[in-house]
Amino acid sequence: MPGLDETNNESYRYLRSVGNTWQYNVEDLHPKMLSRLYKRFDTFDLDSDEKMEMEEVLYWPDRMRQLVNATDEQVEKMREAVRVFFFNKGVDPVDGLTRENWVEANRVFAEAERDRERRGEGSLIALLSNAYYDVLDDDGDGTVDVDELKTMMKAFDVPQEAAYTFFQKADTDHTQKLERPELVHLFRKFWMEPYDPQWDGVYAY
């Protein structure tokens with residue numbers, strides 16, 4: 001199976017368009033990060049065919065509909081955010097993304113996110129997080145508490161007890177509520193940055 005480059009991956013395409021020549025090297029990745037990413041792939045690969053399809057990842061917004069009675073408008077907003085996020089993560093609408101290329105797709109996406117941040121452009125992590133945040137904040141107070149976070153964990157097929165570890169790590173201002181930037185910050189640290197053992201246990205991984 002050929003690797004990824006600007007001809008078949010949106011994040012590589014973005015990086016090359018802004019003059020960034022970053023290239024994936026598996027030797028730069030900690031074994032625990034590799035394990036974490038492959039475990040997540042297997043959660044998304046609903047039919048276990050070692051390929052992630054766009055329809056498989058679009059299953060997750062529908063889970064939110066079932067769990068929190070999200071409106072059609074909210075679900076469609078989540079679905080659009082999922083489409084954009086996973087397309088940039090390498091999930092082609094027609095060909096999907098193979099397990100073999102999943103880790104590289106994640107790392108180039110992470111580099112593209114860092115470049116977007118440096119350039120003052122919108123974060124795709126924030127786009128996805130905000131779409132779910134709007135649904136999770138069922139009491140409308142502009143924050144997410146641990147019970148609302150447990151709903152998100154259940155929606156993504158993550159053990160709900162992981163919500164407590166996630167909450168403890170994310171609640172950096174110790175308000176017992178999570179604000180949007182805190183969710184995005186922890187997502188970045190756990191999935192996008194080099195492996196750091198202090199984040200072990202978040203998402204139960």
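**Exercise 1. Which residues of H10 are buried, and what do they pack against?**

Step 1. Find the helix. H10 covers residues 180-192. Helices here are DSSP runs (H or I, at least four residues), numbered from the N terminus.

Step 2. List the buried residues. Buried means under 20% relative accessible area, exposed means over 50%, and partly exposed lies in between (1.4 Å probe, protein chains only). In H10 the buried residues are Glu182, Leu183, Val184, Leu186, Phe187, Arg188, Phe190, Trp191 and Met192.

Step 3. Find the partners. The buried residues of H10 pack against H2 (31-44), H5 (72-88), H6, H7 (124-136), H8 (146-155) and H9 (162-170). Contact means heavy atoms within 4.5 Å.

Step 4. Know the model. This is a predicted model, where local features need pLDDT of at least 70 and side-chain atom pairs count only at pLDDT 80 or more, while totals for chains, interfaces and linings use all residues. Residues are numbered from 1 along each chain as its sequence is written, and side-chain values use heavy atoms, with hydrogens and water left out.

**Exercise 2. Compare the spans of H10, H6 and H2 with the expected values.**

Step 1. Take the rule. The expected span of a helix is 1.5 Å times one less than its number of residues.

Step 2. Apply the rule to H10. This helix has 13 residues. From first C-alpha to last, H10 reaches 17 Å, close to the expected 18 Å.

Step 3. Turn to H6. With 20 residues, H6 reaches 30 Å, close to the 28 Å expected.

Step 4. Finish with H2. Its 14 residues should span 20 Å, and the end C-alpha atoms are 20 Å apart, which agrees.

**Exercise 3. How do H7 and H10 cross, and which residues make the contact?**

Step 1. Read the geometry. The axes of H7 and H10 come within 10 Å and cross at roughly 130°. Axes are lines fitted to C-alpha atoms, for helices over the stretch in contact, and angles run from 0 to 180 degrees between N-to-C directions.

Step 2. Name the arrangement. H7 is therefore oblique to H10. Angles under 35 degrees count as roughly parallel, over 145 as roughly antiparallel, 65 to 115 as roughly perpendicular, and the rest as oblique.

Step 3. Give the hand. The crossing of H7 and H10 is right-handed. A crossing is right-handed if the near helix is turned clockwise from the far one by less than a right angle, and left-handed if anticlockwise.

Step 4. List the contact. H7 supplies Ile125, Ala126, Ser129, Asn130, Tyr133 and Asp134. H10 supplies Arg180, Leu183, Val184, Phe187, Arg188 and Met192.

Step 5. Sort them. The contact of H7 with H10 has seven nonpolar, two polar and three charged residues. Ala, Val, Leu, Ile, Met, Phe, Trp, Tyr, Cys and Pro count as nonpolar, Asp, Glu, Lys and Arg as charged, and the others, Gly among them, as polar.

**Exercise 4. Describe the packing of H2 and H6, then place asparagine 106.**

Step 1. Set the angle. H2 and H6 pack at about 120°, with axes 10 Å apart. Their crossing is right-handed.

Step 2. Pair the residues. From H2 come Met33, Leu34, Leu37, Tyr38, Arg40, Phe41, Asp42 and Phe44. They meet Arg99, Trp102, Val103, Asn106 and Arg107 in H6. The residues of this contact divide into eight nonpolar, one polar and four charged.

Step 3. Check the cover. In H6, 15 of the 20 residues are buried.

Step 4. Zoom in. Asparagine 106 lies in H6 (residues 99-118). Its relative accessible area is 0%, so asparagine 106 is buried. Not counting residues up to four places away in sequence, asparagine 106 touches Leu37, Lys89 and Met192.

**Exercise 5. Is histidine 174 buried or exposed, and what is its phi?**

Step 1. Locate the residue. Histidine 174 lies in the loop between H9 and H10.

Step 2. Judge the exposure. Histidine 174 has a relative accessible area of 62%, so this residue is exposed.

Step 3. Read phi. For histidine 174 phi is near 55°, a positive value in a residue other than glycine. Most residues other than glycine have a negative phi.

Step 4. Repeat for glutamine 176. This residue is in the loop between H9 and H10. Glutamine 176 is exposed at 54%, and its phi is near 65°.

How values were computed
Helices (H or I, at least four residues) and strands (E, at least two) are DSSP runs, numbered from the N terminus.
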